[in-house]
Amino acid sequence: GGGGAGGAYVKSNISGLTAGTSYTVTVGGTQSTSGSAGNDSWFGSNTTILAKGGAGGGNAPNANDLGAGGTGTTTGSIGTTVYAGGSGSTATSTYSGAGGGGAGTGANGNNASGSTAGAASGNGGGAGAAGRTSNNNGSNGSAAGGGGSTAPGSSSAGGGGNAASCSTIYLLI
C-alpha cells in the first residue's frame, strides 16, 4: 500500500476574543485505520479555523498492483495562512510507500520519495514514517502531522498524518 500524506498547517488571527472566556480547541488524534485520512484540528468550530489531516495512501488490491501515496493538499483547510502536508510515496515491488512530512510554520510538508519518508518541515511539522522492506507492520509518522507507512506485501495502505497542530495557543486581547 501507499504511504499517507502529512497533515496541513493553518494560522489565522481572530479578533473579538474575550478574556476569561473558554474556547474549544480540537486537536486531531491518532488515526489507526489503514488508508484513512488523518484527523482534523480546529479552533472554535470546524468552520472557523481548520487544518486538514493528511490523505490516506491507496490500497494494493492484489500482488500486481502498487498502492499510490496520499496527496498533500490545502483543500478543505480554513485559515489566513495555510501550508500543505507532504505527499506519501507509491509502493514498489520491494517496499511499501513512505509517509509525507507534516506541514509546519512557514513551510509545506516534505514529500516522501521511494522508501524515504518526508522530513519534518518548519517549526512544528513532523516527519513521515519510512517505507518498510520487511514483513513488519507499517509505522506511524511523528508528531505533529507526519504521514504513516504500511507493511510491504500488504493490501492495506498507510493512514494519513494527523493535522499539524500547535501545542500552545496565545490569546492577545
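Ser-121 counts as buried in this predicted model, because its relative accessibility is 4%, and the residue lies in the segment after β5. Beyond its neighbours within four places in sequence, Ser-121 is in contact with Gly-102, Ala-103 and Gly-104, and also with Ala-107, Asn-108, Gly-109 and Asn-110.

A second buried position is found in the segment before β1, where Gly-6 is placed; with a relative accessible area of 3%, Gly-6 falls under the 20% limit and therefore counts as buried. Once neighbours within four places in sequence are left aside, the contacts of Gly-6 are with Gly-54, Gly-85, Gly-86, Gly-100, Gly-101, Gly-102, Gly-145, Gly-146 and Gly-147. Gly-102 is thus listed among the contacts of Gly-6 and among those of Ser-121. In addition, the C-alpha atoms of Gly-6 and Gly-53 are 7.1 Å apart in space, although 47 residues separate the two glycines in sequence.

As regards secondary structure, the chain contains 5 strands and 0 helices, which gives the pattern β-β-β-β-β when read along the sequence. An open sheet is built from 3 strands in the order β2-β3-β4, and the pairing is antiparallel; its edge strands are β2 and β4 (49-51), each of which pairs on one side only. Strand β3 (residues 41-43) and β4 run antiparallel and are joined by 3 bridges, with Phe-43 standing opposite Ile-49 of β4.

Both Phe-43 and Ile-49 also belong to the largest nonpolar core, a set of 5 residues completed by Val-10, Leu-17 and Ala-51. The contacts of Ile-49, other than those with neighbours within four places in sequence, include the core members Val-10 and Phe-43, and extend to Ser-12, Ile-14, Ser-41, Trp-42 and Ile-78.

Aromatic pairing was examined across the whole structure, and 2 pairs were found. One of them is formed by Tyr-9 and Tyr-83, whose rings are tilted, with 6.1 Å between the centres and 35° between the planes. Since Tyr-9 lies in strand β1 (residues 9-11) and Tyr-83 in strand β5, the pair ties together parts that are 74 residues apart in sequence. The two partners fall into separate accessibility classes: Tyr-9 counts as buried because its relative accessibility is 16%, whereas Tyr-83 counts as partly exposed because its value is 24%.

For the chain as a whole, buried residues account for 41% of the 173 residues. The exposed area is about 8,100 Å², of which carbon and sulfur atoms supply 46%. Of the contacts between residues at least 6 apart in sequence, 53% join residues that are at least 24 apart.

The confidence of the prediction varies along the chain, for which the mean pLDDT is 77 and 75% of the residues reach 70 or more. Among the elements, the lowest mean pLDDT, 84, belongs to strand β2 (residues 25-26), and the highest, 89, to strand β5 (residues 81-83). Over residues 165-173, by contrast, pLDDT stays under 50, and the model has 10 contacts for this stretch beyond four places in sequence. Where pLDDT is low, the predicted coordinates should not be read in detail.

Conventions: Residues are numbered from 1 along each chain as its sequence is written. This is a predicted model: local features need pLDDT of at least 70, side-chain atom pairs count only at pLDDT 80 or more; totals for chains, interfaces and linings use all residues. Side-chain values use heavy atoms; hydrogens and water are left out. pLDDT is the predictor's confidence in each residue, from 0 to 100. Helices (H or I, at least four residues) and strands (E, at least two) are DSSP runs, numbered from the N terminus. Contact means heavy atoms within 4.5 Å. Buried means under 20% relative accessible area, exposed over 50%, partly exposed in between (1.4 Å probe, protein chains only). Accessible areas come from the Shrake-Rupley method with a 1.4 Å probe; for residues, only the protein chains shown count as cover. A nonpolar core is a set of buried Ala, Val, Leu, Ile, Met, Phe, Trp, Tyr and Cys residues joined through side-chain atoms within 4.5 Å. Rings of Phe, Tyr and Trp (its six-membered ring) pair if their centres lie within 6.5 Å; planes under 30 degrees apart count as stacked, over 60 as edge-to-face and the rest as tilted. Two strands pair if DSSP finds at least two bridges between them.
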